[in-house]
Amino acid sequence: MINIPTSILCRLGARSSISRSFGTSVVAKSDAKTPIQKFGWEYLMKQRAKSRPIAPHLTIYQPQLTWMLSGFHRISGCVMAGTLLVGGIGFAVLPLDFTTFIEYIRGWNLPCAVTAVFKYIIAFPIIFHTLNGIRFLGFDLAKGVDNIGQVYKSGWLVFGVSAVIALAIVINSCQNKSKAVKA
């Protein structure tokens, strides 16, 4: 008798059972099992023939502050997490550290107007994400959600305060840079 390790047999058995389950769980285009599925399939085909989108799409909705701020909150969080991940791995792998990198950028002697734009692009999402996160925590506690007017006011407030704080940080950094150059 041939001696086959059980780990190989388990892998082979798992693969065949997985492929069988995928093969039997996919519904073919013409395999409508119930009248409702048949009706739904015919409806989708009529919509496709009229060049309409199959599912609701963002282009058919009127933009609203609530979902734009929610989307920007998620995007800013992902961008910050991605930047920390890539930056952390980059500085761990590359032969330079963060302070050396900053000194290298300072060595370019860019005007304050150029660096201010980049500083604002960095500062605004961090501040917005923080303040909007606090706003969302209030929503979780059912504070400020009594009517849509309150939701919009808090949204505009967070957006405006974030812009002002980011601008204040950038102006402060430019003033500190000009003081350091004079000294």
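**Exercise 1. Is E103 buried, partly exposed or exposed?**

Work out the burial class of E103, then look at the partner of its side chain.

*Solution.* This is a predicted model, so keep that in mind throughout.
- Step 1: E103 has a relative accessible area of 46%. The class between the two cut-offs runs from 20% to 50%, so E103 is partly exposed.
- Step 2: go to the partner. E103 makes a salt bridge with R106, and their closest N and O atoms are 3.1 Å apart. The cut-off for such a bridge is 4 Å.
- Step 3: place the two residues. They sit 3 residues apart in helix α4, so about one helical turn separates them.
- Step 4: check R106 too. Its relative accessible area is 56%, so R106 is exposed.
- Step 5: count the bridges. The total comes to 1 salt bridge.

**Exercise 2. Describe the overall fold of the chain and how far you'd trust each part.**

*Solution.*
- Step 1: list the elements. The chain has 6 helices and 0 strands, and from the N terminus the order reads α-α-α-α-α-α.
- Step 2: look at burial. Of the 183 residues in the chain, 14% are buried. The exposed surface is about 14500 Å², with 70% of it supplied by carbon and sulfur atoms.
- Step 3: see how contacts span the sequence. Take the contacts between residues at least 6 apart: 76% of them join residues at least 24 apart.
- Step 4: turn to confidence. The mean pLDDT of the chain is 85, and 81% of the residues score at least 70. Helix α1 (residues 6–25) has the lowest confidence, with a mean of 53, while helix α5 (residues 112–140) has the highest, at 95.

**Exercise 3. Classify the ring pairs F91–F101 and F124–F128, and say where each ring sits.**

*Solution.* You need two numbers per pair: a pair of aromatic rings is described by the distance of the centres and the angle of the planes.
- Step 1: get the total. The structure holds 11 aromatic pairs.
- Step 2: take F91 and F101. Their ring centres are 5.9 Å apart and the planes meet at 65°, so this pair is edge-to-face.
- Step 3: locate that pair. F91 belongs to helix α3 (residues 65–93) and F101 to helix α4 (residues 98–106), and the two are 10 residues apart.
- Step 4: check their exposure. F91 has 29% relative accessibility, which makes it partly exposed, and F101, at 34%, is partly exposed as well.
- Step 5: take F124 and F128. The centres are 6.0 Å apart with 20° between the planes, and the pair is stacked. Both rings belong to helix α5, 4 residues apart, or about one turn of the helix.
- Step 6: check burial here. F124 is buried at 10% relative accessibility, and F128 is buried at 0%.
- Step 7: widen the view. Ring pairs tie F124 and F128 into a cluster with F72, Y120, W156 and F159.

**Exercise 4. Which residues does S162 touch, leaving aside its neighbours within four places in sequence?**

*Solution.*
- Step 1: find S162 in helix α6.
- Step 2: check burial. With a relative accessible area of 0%, S162 falls under the 20% cut-off, so it is buried.
- Step 3: list the contacts. S162 touches F124, I127, F128 and L131. Two of those names, F124 and F128, are the stacked pair from Exercise 3.

**Exercise 5. Compare the settings of T115 and Q175.**

*Solution.*
- Step 1: T115 is in helix α5, and its relative accessible area of 15% makes it buried.
- Step 2: leaving aside neighbours within four places in sequence, T115 contacts L110 and K177.
- Step 3: Q175 is in helix α6 (residues 148–182). Its relative accessible area is 44%, so Q175 is partly exposed.
- Step 4: Q175 and C112 are 63 residues apart in sequence, yet their C-alpha atoms are 9.3 Å apart in space.

**Exercise 6. Which residues form the nonpolar surface patch that includes W67?**

*Solution.*
- Step 1: start from W67 in helix α3. Its relative accessibility is 34%, so W67 is partly exposed, and patch members need over 30%.
- Step 2: name the members. The patch is made of L58, I60, Y61, W67 and M68.
- Step 3: give the area. Together these residues have about 530 Å² of accessible area.

Notes. Residues are numbered from 1 along each chain as its sequence is written. This is a predicted model: local features need pLDDT of at least 70, side-chain atom pairs count only at pLDDT 80 or more; totals for chains, interfaces and linings use all residues. Side-chain values use heavy atoms; hydrogens and water are left out. Buried means under 20% relative accessible area, exposed over 50%, partly exposed in between (1.4 Å probe, protein chains only). Contact means heavy atoms within 4.5 Å. Accessible areas come from the Shrake-Rupley method with a 1.4 Å probe; for residues, only the protein chains shown count as cover. pLDDT is the predictor's confidence in each residue, from 0 to 100. Rings of Phe, Tyr and Trp (its six-membered ring) pair if their centres lie within 6.5 Å; planes under 30 degrees apart count as stacked, over 60 as edge-to-face and the rest as tilted. Patches are made of residues with over 30% relative accessible area and no salt bridge: like charges are joined within 9 Å, nonpolar side chains (Val, Leu, Ile, Met, Phe, Trp, Tyr) within 5 Å.
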